[in-house]
There are 2 protein chains.
Amino acid sequence: MSKQQRVMAGSLSEASVKESVLLKGWVQKRRDLGGLIFIDLRDASGVVQIVFNPDHSQRALEIAENIRSEYVVEVEGTVVKRDSSTVNPTMKTGKIEVIVSAITILNKAKTPPFAIQDKAEVSEDLRLSYRYLDLRRQPLQETFKLRHHITQAVRHYLNEQQFLEMETPILTKSTPEGARDYLVPSRVHQGEFYALPQSPQLFKQLIMMGGFEKYYQIARCFRDEDLRADRQPEFTQIDVETSFLTSDEIMQLTEEMMQFVMKEVKGIDISLPLKRMPYDEAMARYGSDKPDTRFGMELIHVGEIVKKSGFKVFQSAIESGGLVALLNVKQQAKTYSRKDIDKLTEFVKVYGAKGLAWLKVEGEELKGPIAKFISEEEKAGLMEKAQAENGDLLLFVADKTNVVYDSLGALRLKLGKELHLIDNTAYHFLWVTDWPLLEYDEEQGRYFAAHHPFTSPIESDIEKLATEPENVRANAYDLVLNGYELGGGSVRIHQVELQKKMFKVLGFSEADAQEQFGFLLEALEYGAPPHGGVALGLDRIVMLLAGRTNLRDTILFPKTASASDLLTNAPSEVDPSQLDELSIQLKSQNQDK
Amino acid sequence: MSKQQRVMAGSLSEASVKESVLLKGWVQKRRDLGGLIFIDLRDASGVVQIVFNPDHSQRALEIAENIRSEYVVEVEGTVVKRDSSTVNPTMKTGKIEVIVSAITILNKAKTPPFAIQDKAEVSEDLRLSYRYLDLRRQPLQETFKLRHHITQAVRHYLNEQQFLEMETPILTKSTPEGARDYLVPSRVHQGEFYALPQSPQLFKQLIMMGGFEKYYQIARCFRDEDLRADRQPEFTQIDVETSFLTSDEIMQLTEEMMQFVMKEVKGIDISLPLKRMPYDEAMARYGSDKPDTRFGMELIHVGEIVKKSGFKVFQSAIESGGLVALLNVKQQAKTYSRKDIDKLTEFVKVYGAKGLAWLKVEGEELKGPIAKFISEEEKAGLMEKAQAENGDLLLFVADKTNVVYDSLGALRLKLGKELHLIDNTAYHFLWVTDWPLLEYDEEQGRYFAAHHPFTSPIESDIEKLATEPENVRANAYDLVLNGYELGGGSVRIHQVELQKKMFKVLGFSEADAQEQFGFLLEALEYGAPPHGGVALGLDRIVMLLAGRTNLRDTILFPKTASASDLLTNAPSEVDPSQLDELSIQLKSQNQDK
């Protein structure tokens, strides 16, 4: 072959006609037609049709006869315009084709277990086992290009703001507070372990104490938790920390970054400042701490109206300190039969609700099994509060506060999707603020940090730390997009006394706090600046901006729900000598002895 | 305090005079002088002097009296020009100072265990234990800014070349070929382990098989090896892989990237193409596979001249297939006494040399203990070959080839430093090419891959794989800077048959190859493109460009030679319940039972 410069398939157009080109790539598809062979040749830039014609090269045609899908080839040829009858308008290069003068097979390919097409109608396990084939498909190629562009846009914005990108360790110290750690046995210090970081939290705080005032990292994080569709054992976060900024300033910085990203990669203008909503309001209106505000159907609180209702379920919910709330499913009374509503009832039971009461508005009347218990006064109150009209369906849950929120919050989302109330082209960002600092765990009988133990309380609430910890709000903020939590942050504790108080509230003895976080407590004593930051899940941002629903499609080599890599077969057994060197052994080995 | 915009200390200059400013930062130093207090206030941008004067604010002065080093403060004041007598020319902001009108203490500080000065004359262990204080020092601040800029320059260059930045997994499969893996026990798959990647090698090859043609990553890598000053358990490499490029093209791309980095961060033009030198030549001329070409004093091979020498050591080295070579230490005959040379002899013995013969040129004569064995003809030959002149010192090693190279290579570097022959402002890049593909390990009685088992042989050498593997050269290249290996790369094997042959040469049974690398062998069968790449050590690049000698100064939170983090105290013991969940136990636990 000649030393000609390679040309990318996707770059060819009518402007290239008559050019002599060298192409390299994969055989997407071969068609034999009337003594000619047509191949769709694919490279990283796109696809072009190449034609083998005995008039041009009998030799090339003969080679092409043996070529099959996914062969890797190098071809020389000339770009020609297609006849108007053969123009392919669905193909970016569909107005031209390349007449081949020479071809070399660079590598052969067995028949792939699934076709390299936009839609792979095969099991995800098979796709993951042959991830390198899966990745050749256009939608995944596009997703990882998008991921690249999002990452570079984030960097670009933060670099312009004088942030420094810095790397924190992956081999770190295990701290029991938080999710489960992945452990790494030490060979040098036998019996001791590193932990993979759940986030660079403490290191980024130490960076602030190290006098760098603006840090960021696209950071790998690890959690050994049971996985769901939107969780992976290793994930990536956009990790940011600053000194001397208020929570307002950090939120502003974060939303300007997201504004820049949206403009750069999607061409979408989002207007700032982003909406903010206190946690309590988000729960009350949407039954969720990460509300999808792309549609309405908010929770309507009717406890005041029905607290003395003849329907005892309502009455007793209120009397025992709970709530009664409803969703007004506008104009859908006829859509949902009694059977359909039974299914919705089953759905809310998953969230702990004991039942789902309902009423349909027919003209001026309320119909349904509980209608007879509702007084005229209650009816008028409900109609007004719910802005109910003829044809509306009212769905009630009366229960403990968190059950009402969880069940109606989930039901709202389900109905929103089912009834196509959601504009899939919209991007609704929202800050949720004023989070509770602490959560009480009934089982363990102690408070846990709602975010992490380094989050600062809102200044005016600090005095409540000792007396009513459950009412202390955190100086924390979460960024929500379309009902997904992108991440969040907080202003951290920078005063050693407050940090010690916090550990005490969390049930740490002084010795325990010292043992686990002594280095932090000490660092706070040597001139720690006020600081705070934010961490956003990159994988989730990519997922939402790529319009995908599976987090695994945004990670190059993801793991399954059982944390396996089906391609390389990790984790796997290791040589016993490797364990000997680490001075560890498997428990079953021991039991065998 | 007012809501004024904060100003950075380092940004102040004569242009700021009369401005009212809000500053935040650390107290570098306090001086009391004639009823006034002067503080050097430091923030991430630099240092400015602030002055407390009772005429301006008695209150501020009183607060300042209690302020000590490393307190964090916020001050308001006015920029004024200094008297010419008090201008500090060593300080960037030395022409001005800030007269303080108000101050708030944001945090106090205990007296640090060492002063935050450019030079910390304390043990490295103490510095690492208080890394957050160490990081506040100017040289480290500068190093991590440089690291940031190098990283961004690399990204900028590769992004412009249409590379995609992609993330490969950290939880991977253990493969015994190579260095020792860090292992991570799996909780879900009990008895199985992940390994932390020694490099993304196989994943980047799989990315090429996934149809992405240009990949890069600033990738964290892990090796559980005994550490030296220039090794860390986790390190970062600039990891690049491409499809369809030749080794020449990959080298060109890499050197253009380094040229861009040098220009961007150091303002230095390096001219391309970089010099290339085959491995054999590097060894013969410099006794090193990573020669420091900033100075001469090359090895001079004199075996032909002294092969029949009366000095039996020379004669027998040649007869037994070894070498005789010398360094001509120009004009240093008088510098090195017999005692000095004895010390050099001890030095080369570390590298396996049995001795160091020497001759001094005095006028036309050679002097020294072995002079009497050297014939006139040999003398003339030596003088000419070594271009020896009056006053030169000739240092000989006669031994097995690798001993001669190792000992004279090391001696050359030692003398180069000792005699200040090295221009410390110079940057000498060099490609070392034509590496041997395999190395024979006497102990284990088999060949090992000199780079890794996926490196392709030079095409014309493939036939020697079965017959004389030791003479097969690799399609590999290493980039050397000032005597340090920055990294290297190769064109990989993309044909399944060749890869299988390679595993066979390395002593793998078919079953073993399948067990460990089955996924790769299979991937090679589904249309793997020709591909290759390069990986450069980022930490080392930062070290050399920052003019430092300790790799730990280039890593934010480094580990000691025993792989400990002295700041957080990792690794550490973990809760037995954590091990129970992983179904592993410590060996000593078992023995205690």
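**Chain B: an open sheet and a buried aspartate**

An open sheet in chain B of this predicted model has 5 strands in the order 12-13-16-14-15, with antiparallel pairing. Local features need pLDDT of at least 70 and side-chain atom pairs count only at pLDDT 80 or more, while totals for chains, interfaces and linings use all residues. Residues are numbered from 1 along each chain as its sequence is written, chains are lettered from A, and side-chain values use heavy atoms, with hydrogens and water left out.

Me: What makes strand 12 (300–301) and strand 15 (365–367) of chain B edge strands?
Reply: Each of the two pairs on one side only. Strands (E, at least two residues) are DSSP runs, numbered from the N terminus.

Me: Why are strand 13 and strand 16 of chain B said to pair?
Reply: Pairing requires that DSSP finds at least two bridges between two strands. Strand 13 (residues 323–329) and strand 16 (residues 393–399) of chain B have 7 bridges in the antiparallel sense, so they pair. Within these strands, V324(B) stands opposite A398(B).

Me: Why does D181(B) have no salt bridge?
Reply: A salt bridge needs a side-chain nitrogen of Lys or Arg within 4 Å of a carboxyl oxygen of Asp or Glu. The nearest side chain of opposite charge, R223(B), is 8.1 Å away, so the criterion is not met. D181(B) is nevertheless buried, that is, under 20% relative accessible area with a 1.4 Å probe, protein chains only.

Me: Which side chains make polar contacts with the side chain of D181(B)?
Reply: S174(B) does so at 2.7 Å, and Q198(B) at 2.7 Å. A polar contact is a pair of N or O atoms within 3.5 Å, one able to donate a hydrogen and the other to accept it.

Notes: Buried < 20%, exposed > 50% of the residue type's maximum accessible area, 1.4 Å probe, protein only. Lys, Arg positive; Asp, Glu negative; His and termini not counted. Helix = DSSP H or I, 4+ residues; strand = E, 2+ residues; numbered from the N terminus.
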